[in-house]
Structures are given as C-alpha cells and as structure tokens.
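Student: Please take a close look at disulfide bonding in the protein shown here. I should then like to see how that subject fits into the wider picture of strands, cores and charged pairs.

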Amino acid sequence: MSTAKGIFPCIWLLNGKAVRGFDNNEIVCEDPAELVRTYAASGADGVILFDRSKTDAEHDAAIDLIRRICEENSIPVIGAGNIRRMEDVKKLIYAGCELAALNLSKESNRMLAREVCERFGKERIAGCYKSSEKLDKEWEKLSPWLAMRILLDGENMELAEAELPAGQKDAGTDIPVIALVADSAKDSLISRLAAPDVTAVSGDSVNALIGKGEDAVKAAREQFSASGIEMEEHKKAAFTWADFKKGPDGLLPVVVQEDATDQVLMVAYMNEEAYNLTVETGKMTYYSRSRKSLWIKGETSGHFQYVRSLFGDCDMDTLLARVVQIGAACHTGSHTCFFNQVTEPRMSARRTSSAGDVLREDYRTIIERKENPKEGSYTNYLFDKGLDKMLKKLGEENTEIIIAAKNPAENEIIYEIADYLYHLEVVMAEKGVDWDDITRELVRRQKKG
C-alpha cells in the first residue's frame with residue numbers, strides 16, 4: 001500500500017442532484033458531474049459517490065449518472081449506497097467506479113463481500129461502517145475480501161480501533177481507511193491523515209476545504225506535508241508549451257481522436273493559453289482562428305470533450321488528443337467532422353477490413369433498410385413484424401450456435417455465429433444501439449480490469 005495520502009470529497013446523489021448529506025436533502029449542485037469536475041480541478045485525488053435513491057428506477061438513473069461522471073472525469077470514483085446484491089456491484093464497476101463500497105452495517109452485505117470479491121477481485125471492493133457498529137467479530141473474515149475501509153464517522157476512529165480485540169486487531173486494521181471527517185479545522189484533518197492506517201480524508205470537512213478554491217487545497221497540502229504527511233502527488237504535463245514547435249501563426253494543430261473507438265473526430269488549433277487550460281481542466285480548449293479567441297469545446301452545445309491522453313508527434317509540431325466525446329464533435333451534428341468520402345474502396349478491400357469495420361458496415365446497411373425500405377428485403381420483413389419477431393429469431397439463432405458447437409463440422413458454428421450477429425444487429429437498430437456504444441462499454445470494462 002502506498003504511504004502517500006489523499007483528499008477525497010464526497011457527494012450524496014438524490015434524484016439526479018448533489019445534496020448536502022445522508023439525511024440532508026438540501027441541493028448543493030444541480031449537476032453532480034460538473035461538481036466532480038470542479039473538485040478535480042481544485043486538486044481532489046478522488047471522489048466518493050453515495051447513492052441515496054429509494055426505488056429501483058431511481059437507482060438505475062443514479063447508475064447512469066455515475067457512469068457519466070466516470071466518463072467525464074479522470075480522478076478515481078468510489079461508488080457506494082444501494083448495494084444489496086452482486087448485480088449492484090457489477091453496475092457500479094461497469095459504470096467506471098474504481099471501488100464499490102458495501103454498507104457493512106447490513107449482515108447480508110458482509111456475506112456478499114466474499115462473493116463479489118471472488119467475482120471482481122479484492123482491489124475493487126470496499127466497506128463502509130461507523131465506529132459504533134460492532135464489527136469486531138467480523139473483521140477476521142472480512143479482511144480477505146476488502147481493499148478499503150470507509151469510516152463514516154472518522155472523528156471516532158480511535159473508538160473504532162479500540163473496539164477491536166487485541167487478537168483480531170491486525171485482521172481489520174491492515175485494511176487502509178478513508179475517514180469521513182465533519183470538523184473542517186485543518187488540525188482535525190491533520191490528525192486523521194497522520195494515523196498510519198488512514199490513506200485519505202473525506203466528508204464535510206474536505207468538501208468545505210475544496211469549496212474554498214484551488215489555492216485553499218494547495219495550501220492545505222503544503223501544511224499537511226509540513227506536518228510530515230506524505231501527500232499524493234499530482235502528475236503534471238511532461239511537456240510545456242515551449243517544448244512544441246508552433247506554426248508561423250504561433251499555433252499548434254491538434255488531431256482529436258475518440259478514445260473508445262479510435263475514430264478521428266476533428267482537427268483544431270491551440271495557443272499557449274488553450275494548451276495550459278486543457279492540461280489543467282481536462283476539457284479540450286482550443287483557439288479559434290476565425291474568431292481569434294479561446295473556445296472550450298461544448299461550452300455552448302454541451303458537446304464537451306474530456307481528455308484521456310495527450311501525445312506530441314515525433315517532430316513535436318502536432319498534438320494528438322484522445323478524448324471522451326459527449327454528443328457530436330462536428331457543428332453539423334455529425335459525430336465526426338470527417339464524413340465526406342473522397343474515394344470508394346473496392347468491395348474486396350472492404351471485405352478484408354477488420355471485424356469491427358465489417359460489422360459497422362453491415363449495421364449501416366441495416367439502418368439504410370430501416371430508413372429506406374426495399375421490397376422483398378428480409379431485413380424489412382423483420383422491421384415490419386416488430387421486436388417480438390426479432391427476438392424470437394435471435395433466440396433461435398442462439399440455439400443454433402449451441403447445437404453447432406456440439407457438432408463436429410468446424411464451419412457450421414462460424415455460419416451460425418454470423419447469422420446470430422446479423423439478427424443481433426437488427427435488434428440493435430430497432431433499439432437505437434450501435435457498435436460504437438458496444439465498443440465504448442467494452443473499452444470501459446477492459447480499462448477497469
């Protein structure tokens with residue numbers, strides 16, 4: 001475990017808003033994703049999200065919000081609240097959370113810890129508890145399944161540790177702690193961070209500190225470091241603006257690529273201020289040559305671009321930005337600016353493309369049939385019959401794959417999988433899901449291990 005320590009503000013989510021606390025419904029921010037971006041820009045090392053939704057529908061909406069927060073921000077996110085079964089943990093992890101935190105006050109969650117640990121790995125599971133809860137008999141069996149403890153009343157940490165019997169103390173206290181602290185006095189934060197098991201502080205105290213601005217966080221870090229506490233270091237850009245070769249106009253061209261799909265979205269330009277703001281905020285910021293002014297991509301349209309990585313080319317005269325694209329990149333409404341095809345490749349060239357290219361081309365053909373029906377088309381027959389017919393055929397093709405897998409003929413399963421993928425694409429087109437949506441989800445899961 002790293003000895004460096006961090007600052008993790010926490011956000012309570014209710015009905016799509018950020019509210020004041022576990023029992024306080026006062027709205028702090030209408031857009032929690034924007035609040036996380038503010039926290040990240042102010043110097044937070046991560047964030048804890050507590051879902052306070054009541055119904056399954058509200059919970060699903062909260063998961064969608066958490067997914068957006070994870071997509072649009074680069075700092076680690078811990079998801080907590082409304083975890084009752086493995087499916088809830090899976091949703092949080094697939095949404096992009098680094099950790100899913102179980103409420104250990106529930107015996108069912110203490111039993112669930114092992115199950116989800118074995119499914120997703122210990123490094124993905126945390127546990128929330130209060131010092132007043134009698135967990136002393138549980139730590140010995142919980143410790144193999146938890147990577148982190150989140151102490152909801154960090155002021156009473158000594159009480160929590162004192163309640164552990166001497167023989168079991170090592171079982172629980174070798175798990176690092178994020179302590180939620182209510183007292184905003186810096187001395188309180190210092191005393192918590194100084195504890196050997198504490199890896200970060202959170203709670204109202206941290207929210208209040210970060211709310212004072214980036215300078216306040218920087219000053220606090222310096223004070224913590226002066227007290228002998230090793231704080232998490234924030235990575236800085238490996239290259240400054242001076243390291244790049246600019247054009248005659250003093251600008252640097254930027255090629256923008258979607259991180260999940262590798263699709264080239266647009267080309268724009270930066271000046272020094274735009275480059276520095278992009279590095280500092282994580283939002284792609286450019287210099288408009290026509291307006292002769294800065295522009296944050298998406299500031300008026302809402303179609304922001306969030307930085308995943310920045311690379312200079314071999315000559316350091318062009319920047320490649322890999323981004324998360326929200327909405328369309330092009331002002332025309334197209335996802336990419338590059339849609340005017342100059343040459344038409346031969347059929348043989350298309351058919352030797354990658355699997356992803358072939359699937360996307362087939363999907364486009366299905367969409368074309370949906371929008372412009374063709375007499376005698378089997379695809380249009382399925383669209384005319386509706387979703388139930390599509391799903392029936394999809395189920396039949398799935399069964400054919402199972403049968404083919406049991407048969408000795410090697411090519412049979414290939415044919416059946418191809419048939420299945422076609423019928424799957426028809427269902428996707430009916431439901432408005434495309435291969436880029438699937439690719440983004442697979443990339444998200446791949447990156448989360």
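Tutor: A search through the whole structure yields zero disulfides, a disulfide being a pair of cysteine sulfur atoms within 2.5 Å. In general, such a link is a covalent bond between the sulfur atoms of two cysteines. The model is a predicted one, in which local features need pLDDT of at least 70 and side-chain atom pairs count only at pLDDT 80 or more, while totals for chains, interfaces and linings use all residues. Residues are numbered from 1 along each chain as its sequence is written, and side-chain values use heavy atoms, with hydrogens and water left out.

Two cysteines illustrate the result. For Cys97, the closest cysteine sulfur belongs to Cys70 and lies 4.3 Å away, which is too far for a bond. Cys330 is likewise in no disulfide, and its nearest cysteine sulfur, in Cys337, is at 3.8 Å. Cys97 has a relative accessible area of 0% and is therefore buried; buried means under 20% relative accessible area, exposed over 50%, and partly exposed in between, with a 1.4 Å probe and protein chains only. Cys330 is buried as well, at 6%. Across the 449 residues of the protein, 44% count as buried.

The nonpolar interior comes next. A nonpolar core is a set of buried Ala, Val, Leu, Ile, Met, Phe, Trp, Tyr and Cys residues joined through side-chain atoms within 4.5 Å. The largest one holds 58 residues, and those that touch the most other members are Ile11, Leu49, Ile66, Val89, Leu102, Leu146 and Phe224. A separate second core has 19 residues, among them Trp241, Met284, Tyr286 and Leu319. In soluble globular proteins, nonpolar side chains tend to be buried together. Beyond its neighbours within four places in sequence, Leu146 is in contact (heavy atoms within 4.5 Å) with residues including Leu104, Ala113, Trp139 and Ile175. Of the contacts in the protein with a separation of 6 or more, 60% are between residues 24 or more positions apart.

Leu49 and Ile11 also appear in the strand pairing. The protein has 17 helices and 17 strands; helices (H or I, at least four residues) and strands (E, at least two) are DSSP runs, numbered from the N terminus. Leu49 is part of strand E5, residues 47-51, where five of five residues are buried. Val47, Leu49 and Asp51 face one side and Ile48 and Phe50 the other, and both faces are covered. Two strands pair if DSSP finds at least two bridges between them. E5 pairs in the parallel sense with strand E2 (residues 10-14) over four bridges, and there Ile11 stands opposite Leu49. E5 pairs with strand E6 (residues 77-80) in the parallel sense too, over four bridges, with Val77 as the bridge partner of Val47.

Elsewhere, an open sheet of four strands runs in the order E13-E12-E17-E16, with mixed pairing. Strands E13 (264-270) and E16 (305-312) are at its edges; each has a single partner strand, so one side of each lacks a neighbour in the sheet. From one strand to the next, the twist averages 30 degrees, with axes fitted as lines to C-alpha atoms (for helices, over the stretch in contact) and angles running from 0 to 180 degrees between N-to-C directions. Strands E12 (252-258) and E17 (319-325) pair in the parallel sense over five bridges, and Arg322 in E17 is the bridge partner of Gln257.

Arg322 leads to the charged pairs. A salt bridge is a side-chain nitrogen of Lys or Arg within 4 Å of a carboxyl oxygen of Asp or Glu, and the count comes to 19. Arg322 forms one with Asp262, the closest N and O atoms being 2.8 Å apart. This pair links distant parts of the chain, since Asp262 is in the loop between E12 and E13, 60 residues from Arg322 in strand E17. Arg322 is buried at 16% relative accessibility, whereas Asp262, at 46%, is partly exposed.

Another salt bridge joins Glu34 and Arg37 at 2.5 Å between the closest N and O atoms. Both residues are in helix H1 (residues 32-42), three residues apart, about one turn of the helix. Glu34 is partly exposed at 30%, and Arg37 is buried at 9%.
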